[in-house]
Amino acid sequence: MNDKQLARKQRLGKNNVRMLGKLMLIAVLMFGFGYGLVPMYKRICELTGINILAVQETKAVVADNTQIDKSRTITVEFDASGTGPWRFRPTVSSMQVHPGEMTQIVYEVVNTQGRSIDAQAIPSYAPQEAAAYFKKLECFCFKQQTLAPNEARQMPVSFYIDPALPKNVKVITLSYTFFEVGLGARKPS
């Protein structure tokens with residue numbers, strides 16, 4: 001090899017090493033961005049009030065000395081959505097409640113798979129202004145649920161509606177989206 005060829009080969013080697021360094025930096029930045037998306041998404045949801053699993057959804061509310069407002073009746077509709085290896089539904093589609101009255105609804109989930117599944121339910125409310133007045137004391141949405149293979153489970157939600165709910169709200173829809181957590185983390189046994 002002559003000097004020109006040797007210099008060219010060394011220059012290409014340096015360019016390749018430089019390119020490899022840039023590609024590795026990009027890969028590390030992409031990983032960091034992907035890792036940071038989860039807390040960033042949660043924060044955006046908290047700020048905008050969309051599908052929020054905020055402090056009010058992660059802790060049981062201590063029941064105040066509520067007074068039942070018998071002069072008002074609110075229709076609470078129940079809904080369930082989510083695609084996955086299960087059947088998920090409320091046991092009743094709606095009920096009439098008085099503000100301040102303790103009420104319980106049961107959702108039923110059936111794991112149709114021959115493997116354990118970890119899942120989480122996220123509540124949403126319509127109209128959205130009703131969320132602040134819908135007080136849950138017990139809810140399966142407070143924590144992840146682990147369903148054994150082919151398990152059927154009844155999951156209660158105990159709640160009351162704050163009597164301070166605006167008078168123009170006559171119907172509240174409570175909807176849960178049930179999704180698998182750590183999808184693909186477990187292999188069928």
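## Pairs and patches in a predicted model

Both Arg115 and Glu180 are buried. Keep in mind as you look around that this is a predicted model. Let us begin with those two residues and then walk through the rest of the chain.

### Salt bridges

How are the side chains of Arg115 and Glu180 joined? They meet in a salt bridge, with 3.0 Å from N to O. This pair links distant parts of the chain: Arg115 sits in the loop between E4 and strand E5 (117-126), Glu180 belongs to strand E9 (residues 171-180), and 65 residues separate them. In general, side chains of opposite charge can pair when their charged atoms come close.

How many salt bridges does a search of the whole structure find? The search finds three, and here they are side by side:

| Salt bridge | N to O distance |
|---|---|
| Arg115 and Glu180 | 3.0 Å |
| Glu108 and Arg89 | 3.0 Å |
| Glu151 and Arg153 | 3.1 Å |

Take the bridge between the side chains of Glu108 and Arg89. This pair also links distant parts of the chain, with Glu108 in strand E4 (residues 103-111) and Arg89 in strand E2 (residues 86-90), 19 residues apart. Arg89 has a relative accessibility of 42%, so it counts as partly exposed. In the bridge between Glu151 and Arg153, Glu151 is partly exposed too, because its relative accessibility is 22% and the partly exposed range lies between 20% and 50%.

### Strand E6 and its contacts

Now find strand E6, which covers residues 134-139. Lys136 is found in this strand. Is Lys136 buried or exposed? Lys136 is buried, because its relative accessible area is 3% and buried means under 20%. Its side chain is joined to that of Tyr125 by a polar contact of 2.2 Å.

Phe134 lies in strand E6 as well, and its ring partner Phe159 lies in strand E8 (residues 152-161), so the pair ties together parts that are 25 residues apart in sequence. Phe134 and Phe159 are both buried. Their ring centres are 4.6 Å apart and their planes meet at 20°, so the pair is stacked; the cut-off for stacking is an angle under 30 degrees.

### More aromatic rings

How many aromatic pairs does the structure hold? There are 11 of them. A pair of aromatic rings is described by the distance of the centres and the angle of the planes. You can also look for one aromatic cluster, formed by Trp86, Phe88, Tyr107, Phe140, Tyr176 and Phe178.

### The disulfide

The structure holds one disulfide. Which residues form it? The partners are Cys139 and Cys141, with their sulfur atoms 2.5 Å apart. Both Cys139 and Cys141 are buried. What is the handedness of this disulfide? It is right-handed, because the torsion about the S-S bond is about 130°.

### A patch on the surface

Finally, turn to the surface, where Met19, Leu23, Ile26 and Met30 form a nonpolar patch. Together these residues have about 420 Å² of accessible area. Leu23, one of the patch members, has its place in helix H1 (residues 3-48). With a relative accessible area of 49%, Leu23 is partly exposed, because exposed means over 50%.

Conventions
Residues numbered from 1 in each chain as written. Predicted model: local features only at pLDDT ≥ 70, side-chain atom pairs only at ≥ 80, totals over all residues. Heavy atoms only, no water. Patch = residues over 30% accessible without salt bridge, like charges linked within 9 Å, V, L, I, M, F, W, Y side chains within 5 Å. Areas by Shrake-Rupley, 256 points an atom, 1.4 Å probe, with all protein chains shown as cover. Salt bridge = Lys/Arg side-chain N within 4 Å of Asp/Glu carboxyl O. Helix = DSSP H or I, 4+ residues; strand = E, 2+ residues; numbered from the N terminus. Buried < 20%, exposed > 50% of the residue type's maximum accessible area, 1.4 Å probe, protein only. Disulfide = S-S within 2.5 Å. Polar contact = N/O pair within 3.5 Å; in protein donor to acceptor, adjacent residues only side chain to side chain. Phe/Tyr/Trp six-rings, centres within 6.5 Å; stacked < 30°, edge-to-face > 60°.
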